[in-house]
Amino acid sequence: MSDEATTPADGPAMPAYVPDFGNEAERLTPVDLPEQTAAYRIVMPGILQTGVDTVLAMSRKSSLWPMTFGLACCAIEMIGTFMANHDLDRFGIVPWPSPRQSDVMVVSGTVTKKMAPAIKLLYEQMPNPKYVISMGACATNGGPYTEYDRVLQGVDKIIPVDVYVPGCPPRPESLLDGFLRLQEKIMEEKRMVG
């Protein structure tokens, strides 16, 4: 459509039809938008248009279900993070007892070589996309037990880790910060793909 006046064959020039939207039409006048987008915004003001990948990434980051299993003293701090004082529910983070419905594994504590196959099996049972948080020095690099040959020198030797939370044991605030970093990483992955 053009804004020019049209001239019928048998009469005077007729002005182009412009719908009267009041101030809304004045607000959109100086904006250089493609014709379809401008019409879209005039007809339905206040509507946000975005891609499906953004919506999926936002829903993923806002509904993390960490699997509730702990290996050592870091598990006590993990349990403290899930209590009312820190209230992870406000971030959409709800602990879940089954790997079949969980999308985050928090490895909290010392990973022994005897426990490593069980951790790998639980990780493989989780649906995609799945994320791993290594909580504490023991899960990250063996911690104070690094000299023992029965202790794995970091859980990243058997499964990929997305976020490392340092400390021995880390405070609940540190794990909360780790979850927030994981949410940022989920949104960054969307930007890399999209």
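**View 1. The open sheet, strands in the order 1-2-3-4.** In this predicted model, four strands line up as an open sheet with parallel pairing. Strand 1 (66-67) and strand 4 (163-165) sit at the edges, each pairing on one side only. As a reminder, strands of a sheet pair through backbone hydrogen bonds, either parallel or antiparallel.

**View 2. Strand 2 next to strand 3.** Zoom in on residues 104-108 and residues 131-135: five bridges join these two strands, which run parallel. To get your bearings, pick V106 and look across to I133, its bridge partner in strand 3.

**View 3. Helix 4 on the sheet.** Helix 4 covers residues 74-82 and packs on the sheet, where it touches strand 1, strand 2 and strand 3. Its direction makes about 135° with that of strand 2.

**View 4. A nonpolar patch at the surface.** Here I76, I79 and M83 make a nonpolar surface patch of about 300 Å². I79 belongs to helix 4. Is I79 buried, exposed or partly exposed? I79 has a relative accessible area of 43%, so it counts as partly exposed, in between the 20% limit for buried and the 50% limit for exposed.

**View 5. Stepping back to the whole chain.** Seven helices and four strands make up the secondary structure, and along the sequence they follow the pattern α-α-α-β-α-β-α-β-α-β-α. Of the 194 residues, 31% count as buried. The chain exposes about 12,200 Å², with carbon and sulfur atoms supplying 58% of that area. Among contacts with a separation of 6 or more, 73% come from residues 24 or more positions apart.

Methods: Residues are numbered from 1 along each chain as its sequence is written. This is a predicted model: local features need pLDDT of at least 70, side-chain atom pairs count only at pLDDT 80 or more; totals for chains, interfaces and linings use all residues. Side-chain values use heavy atoms; hydrogens and water are left out. Two strands pair if DSSP finds at least two bridges between them. Contact means heavy atoms within 4.5 Å. Axes are lines fitted to C-alpha atoms, for helices over the stretch in contact, and angles run from 0 to 180 degrees between N-to-C directions. Patches are made of residues with over 30% relative accessible area and no salt bridge: like charges are joined within 9 Å, nonpolar side chains (Val, Leu, Ile, Met, Phe, Trp, Tyr) within 5 Å. Accessible areas come from the Shrake-Rupley method with a 1.4 Å probe; for residues, only the protein chains shown count as cover. A salt bridge is a side-chain nitrogen of Lys or Arg within 4 Å of a carboxyl oxygen of Asp or Glu. Buried means under 20% relative accessible area, exposed over 50%, partly exposed in between (1.4 Å probe, protein chains only).
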